[in-house]
Amino acid sequence: ADGQEKDTGTSRTRLTVCVGSSCHLKGSRRIVEQLQALIAASGLEDRIELGGAFCMGRCVNGVSLVLNGIYHSLKPEDTGAFFTENILKKMSGT
């Protein structure tokens, strides 16, 4: 393999959660706490950069979240499924 398509372990996944007032009211703090726990439980602290940002200007739906430059809208109760589907599966290559 040439290594260009596959994650070589050197790049970090960047995950940014909006913590502006609208998203805060929709549960962004709970989402951040869940993501921190999921990242730690998966042993991915060295591969995922979790951060926060104030208003991303997408206040209409759930909590705004950006994963490697792609916007998502998330509810606290969907955090586990989102993490599995969009992070774990992609990092494990399945």
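Student: Is Thr-13 buried or exposed?
Tutor: In this predicted model, Thr-13 is buried, its relative accessible area being 10%, and its place is in strand β1.

Student: Which residues is Thr-13 in contact with, leaving aside its neighbours within four places in sequence?
Tutor: Thr-13 is in contact with Arg-47, Ile-48 and Glu-49, and also with Leu-67, Asn-68 and Met-91.

Student: And the largest nonpolar core, which residues touch the most other members?
Tutor: That core has 20 residues, and Leu-15, Ile-48, Leu-65 and Ile-87 are the ones that touch the most other members. The elements giving two or more residues to this core are the strands β1 (13-18) and β3 (63-67), together with the helices α2 (28-41) and α3 (79-92).

Student: What does Leu-15 touch, not counting residues up to four places away in sequence?
Tutor: Leu-15 touches Leu-35, the residues Ile-48, Glu-49, Leu-50 and Gly-51, then Leu-65, Val-66 and Leu-67, and finally Phe-82 and Ile-87.

Student: Switching to cysteines, how many disulfides are there?
Tutor: The count comes to 0 disulfides.

Student: Why is there no bond for Cys-18?
Tutor: Because the closest cysteine sulfur, in Cys-23, is 3.7 Å from the sulfur of Cys-18, which is too far for a bond, given that a disulfide needs the two sulfur atoms within 2.5 Å. Cys-59 is in no disulfide either, and the nearest cysteine sulfur, that of Cys-55, is 3.8 Å away.

Student: Of those, is Cys-59 buried or partly exposed?
Tutor: Cys-59 is partly exposed, with a relative accessible area of 34%, whereas Cys-18 is buried, with a relative accessible area of 2%.

Methods. Residues numbered from 1 in each chain as written. Predicted model: local features only at pLDDT ≥ 70, side-chain atom pairs only at ≥ 80, totals over all residues. Heavy atoms only, no water. Core = buried A, V, L, I, M, F, W, Y, C linked by side-chain atoms within 4.5 Å. Buried < 20%, exposed > 50% of the residue type's maximum accessible area, 1.4 Å probe, protein only. Helix = DSSP H or I, 4+ residues; strand = E, 2+ residues; numbered from the N terminus. Contact = heavy atoms within 4.5 Å.
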